[in-house]
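The following exercises are to be worked with the sequence and the three-dimensional structure at hand. Each task is followed by a solution in steps.

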Amino acid sequence: MGPPPPAKPAPMTTTLETLAPLHADMTVWRQDIHAHPELGFQENRTAGLVARQLEAFGITVTRGVGRTGVVGVLRAGRSTRRIGLRADMDALPIPEANRFAHRSVHAGVMHACGHDGHTAMLLGAAKYLAQTKRFDGTVHFIFQPAEEGLGGAQAMIDDGLFTRFPCDAIFGMHNRPRLEVGRFNVRAGPMMAGGAFFDIRITGKGAHGARPETGVDAALVAAQIVVSLQSIVSRNLAPLDAAVVSVTRILAGDAYNVIPQTAELGGTVRAFSRDVMDAVGRHMQRLAEGTAAAYGATVEVDFRVRFAPTVNNADEAEFAARICTELVGPENVDRNPPLIMASEDFSFMLEQVPGCYLNIGNGVEDGGCEVHNPAYDFNDRALPLGAAFYARLIETRLAA
Ligand code: NI
């Protein structure tokens, strides 16, 4: 018998320990971005920081995808498999209430949704994967502008994101306040609601306040439409199809003695599927037109879907949950978290490419207030968890 064959070295995969040396870098980037927040499609400094760092890691960079978006391309081996990882970069028009050293230097603008952390985590994963290259295929690092209602994801798609940088699957994550650091939430199917905004413009016939019989009261028609719209969820949708219809603006009239000729309603709709969202839009149109006609007025309805519902593919959600479980243990991964009524424009990317969006705990201590609060802050302790998730996902999905 000859000597036993040499043992194959165990394949190294990313753990929280192997990623820990990048924690300091990520913290510096995160706090720098937090201190210099930029609104949607104005992320010039942030995009510049991202592009310079990616280039320093040896990653090929394309700037200006969807105006201020950045895409980094990292290849290893010969496989044609391609995975997209996405972070958002924009801040919000909120004056920051925090007093710590890395607070916003731009009056009235702050990172109140943790997108500074999303960008830093993805940069950390990019640096790590460029150093280690323990995968076979292509990673597309997608840094998106203007997530907060300005259509940054769609702008990148319209600029050819998935034809110039094709992806077999795509993954992204959002920090979640009041979820402990070290925990992840992920589920198959709907994860977050889609959102629409609407405006309804009513035209009646103005008249003297003392002579209603000579006019058509647009204020009365508006009031009837507001009440009618509340029958959509209760009477037109199946009881298990969750949706919200909220009228949030009513504008009519200028004087005590004038019956207004026109009135305007506005509001928002949330739903977890495109079909339900479209149904709400159809019923709204019918109710508004029918109610106005009953009173002799006319209406224009403008119903605009601003966010698609965020719907995870079953296979990709299962895969993401497995990676989270390997990192933090099954007791720290909630595979059936509550649905989230807020919206996320990663949903538009998920309509193009199979993938998964998950939540990473931002902690329950200070900064555990809700996102979009003036005291919000991304928790730097979550940075290595997010970066390790991305790195391990690539090493597993693009295993050599
Ligand atoms: Ni956000």
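**Exercise 1.** Locate proline 260 in this predicted model and describe its surroundings.

*Solution.* Step one is the position in the chain: proline 260 sits in the loop that joins strand 11 (258–259) to strand 12 (262–271). Step two is the exposure: the relative accessible area of proline 260 is 13%, and the limit for a buried residue is under 20%, so proline 260 counts as buried. Step three concerns the contacts. Apart from neighbours within four places in sequence, proline 260 is in contact with Gly206, Val216, Asp217, Ala218, Ala219, Ala252 and Gly253. Leucine 122, by contrast, is 138 residues away along the chain, and its C-alpha atom is separated from that of proline 260 by 54 Å.

**Exercise 2.** Identify the residues that coordinate the nickel ion and state which parts of the chain they bring together.

*Solution.* The donors are Cys113 (SG), His115 (NE2) and His174 (NE2), at 2.1 to 2.2 Å from the nickel ion. Along the chain these donors follow the spacing C-x1-H-x58-H. Histidine 115 belongs to helix 4 (residues 115–132) and histidine 174 to strand 5 (residues 169–176), so the pair ties together parts 59 residues apart in sequence. Both histidines, 115 and 174, are buried.

**Exercise 3.** Compare the expected span of helix 8 with the distance between its end C-alpha atoms, then determine what covers its buried residues.

*Solution.* Helix 8 (residues 274–295) has 22 residues; at 1.5 Å a residue it should span 32 Å, and the end C-alpha atoms are indeed 32 Å apart, which agrees. Its buried residues include Val276, Val280, His283, Leu287 and Thr291. Among the elements that cover the buried residues are strand 8 (194–203), helix 7 (218–236), strand 10 (243–252), strand 12 and strand 13 (298–307). After helix 8 comes glycine 296, with a positive phi near 85°.

**Exercise 4.** Give the strand order of the open four-stranded sheet and describe how helices 7 and 8 pack on it.

*Solution.* The order is 10-12-8-13, with antiparallel pairing. Strand 10 and strand 13 are at the edges with a single partner strand each, so one side of each has no neighbour in the sheet. From one strand to the next, the twist averages 15°. Strand 8 and strand 12 pair over 10 bridges; aspartate 199 has glycine 266, in strand 12, as its bridge partner. Helix 7 packs on the sheet, and its direction makes about 175° with that of strand 10. Helix 8 also packs on the sheet, at about 165° to the direction of strand 13.

Terms used:
Residues numbered from 1 in each chain as written. Predicted model: local features only at pLDDT ≥ 70, side-chain atom pairs only at ≥ 80, totals over all residues. Heavy atoms only, no water. Helix = DSSP H or I, 4+ residues; strand = E, 2+ residues; numbered from the N terminus. Buried < 20%, exposed > 50% of the residue type's maximum accessible area, 1.4 Å probe, protein only. Contact = heavy atoms within 4.5 Å. Donors = N, O, S within 2.8 Å, 3.2 Å for Na, K, Ca; no water. Expected span 1.5 Å × (residues − 1). Pairing = 2+ DSSP bridges. Axes fitted to C-alpha atoms, helices over the stretch in contact; angles between N-to-C directions.
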